[in-house]
Amino acid sequence: MKRGMVLVAALMLTTALYAQQTNVMDQPYIEVSGRAEVEVVPDKIYVQITIDGDSKGQETVLQQEKEMVQRFDALGIDVEKKLVVQELFNSALKSNKVTTFKMYRLEVNSATQLAHVFQALQAIGIAQAEIESVDVSNKEELIQKIRAEAAQNARQNALVLANALGQELGKALYVQDYSTSPYEYMNMSTRDYAVSEVREVVAEAAPVLEFQKVTLNSSVRVRFLLK
């Protein structure tokens, strides 16, 4: 008996929801889209650095690592927080030659600091370094802001169309968010850096540079009731 009552209740609920949805769809509405975007300069630039050892193996790697850390310290980089070891590899070959390499990830916070880092690496003979990725410290805050702007733009578009039709705009019935944050960045190695637009940097002073901007964008589709 209870099972039968539960089934009846479920059917009644489903019917009520369907009727409600049908009533909403039967009402006049207008569907529009809104978009907003912002261009920002990344303030977190991650560089992948690889130190290769020769026949001396670990000894050479440790020496270059020491020199690298000293130069980063001199640039004012907090090595303990900004430099991490990603991978360490040792391989003893049949010729008794040991191949060793160490891979690091370094965070820098401006294009000028990045230029100084590339200079420092070149000075000590580390040629394998490239930009791995970029990020923005207040990314989430910016995304929320442009999402709100996109929704406001959608409402403004709907108001223009509703007024043109001689109708009033009602509440929003449906919202679809298409926010994205594509990150495009240059894959600039130290070799590329030597012949890039900053080729004329002198040994002790790099120019003030601005990193390539990235675009955060948001797009929404909103359905408004028409009165």
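Helices (H or I, at least four residues) and strands (E, at least two) are DSSP runs, numbered from the N terminus. On this basis, Ser218 is placed in strand 7, which covers residues 214–226. The model is predicted, so that local features need pLDDT of at least 70 and side-chain atom pairs count only at pLDDT 80 or more, while totals for chains, interfaces and linings use all residues. Residues are numbered from 1 along each chain as its sequence is written, and side-chain values use heavy atoms, with hydrogens and water left out.

Strand 7 belongs to an open sheet of 3 strands, arranged in the order 1-7-6 with antiparallel pairing. The edges are taken by strand 1 and strand 6, each of which has a single partner strand, so one side of each is left without a neighbour in the sheet. On average, and with direction ignored, neighbouring strands of this sheet are turned by 30° against each other. Such angles run from 0 to 180 degrees between N-to-C directions, and the axes are lines fitted to C-alpha atoms, for helices over the stretch in contact. Two strands are taken to pair if DSSP finds at least two bridges between them. Strand 7 pairs with strand 1 in the antiparallel sense over 12 bridges. Within this part of the sheet, Val32 stands opposite Val222 of strand 7, and Val38 stands opposite Leu216 of strand 7. Helix 5, formed by residues 139–164, packs on the sheet and touches strand 1, strand 6 and strand 7; the direction of helix 5 makes about 145° with that of strand 1. Strand 6 (residues 169–177) also pairs with strand 7 in the antiparallel sense, here over 6 bridges. Tyr174 has Arg223 in strand 7 as its bridge partner.

Accessibility was classed by relative accessible area: under 20% is buried, over 50% is exposed, and values in between are partly exposed (1.4 Å probe, protein chains only). By this criterion strand 7 is mostly covered, with 11 of its 13 residues buried. Ser218 counts as buried because its relative accessibility is 0%. Contact, defined as heavy atoms within 4.5 Å, was then examined for this residue. Residues up to four places away in sequence not being counted, Ser218 touches Gly34, Arg35, Ala36, Ile146, Arg147, Ala150, Asp177 and Ser179.

Charged side chains were considered next. Side chains of opposite charge can pair when their charged atoms come close. A salt bridge is assigned where a side-chain nitrogen of Lys or Arg is within 4 Å of a carboxyl oxygen of Asp or Glu. The structure holds 7 salt bridges. Glu31 and Arg221 form one of them, with their closest N and O atoms 3.6 Å apart. Because Glu31 lies in strand 1 (residues 29–40) and Arg221 in strand 7, this pair ties together parts that are 190 residues apart in sequence. Glu31 is partly exposed, at a relative accessible area of 32%, and Arg221 is also partly exposed, at 33%. The side chain of Glu31 further meets that of Arg223 in a salt bridge, at 2.8 Å from N to O. Since Arg223 is in strand 7 and Glu31 in strand 1, the pair ties together parts that are 192 residues apart in sequence. A network of salt bridges thus links Glu31, Arg221 and Arg223.

Arg223 is buried, with a relative accessible area of 18%. In addition to its salt bridge with Glu31, Arg223 lies over the face of Tyr29, at 4.7 Å from the ring centre. Arg223 likewise lies over the face of Tyr174, at 5.1 Å from the ring centre. A charge is taken to sit over a ring if NZ of Lys or CZ of Arg is within 6 Å of the ring centre and within 35 degrees of the ring normal.

A further salt bridge is formed by Arg105 and Glu132, whose closest N and O atoms are 2.5 Å apart. This pair links distant parts of the chain, 27 residues apart, with Arg105 in strand 4 (residues 98–108) and Glu132 in strand 5 (residues 128–135). Arg105 counts as partly exposed at 26% relative accessibility, and Glu132 counts as partly exposed at 23%.

Thr50 lies in strand 2, which spans residues 44–52. With a relative accessibility of 11%, Thr50 counts as buried. Apart from neighbours within four places in sequence, Thr50 is in contact with Phe101, Lys102, Met103, Ile126 and Gln128.
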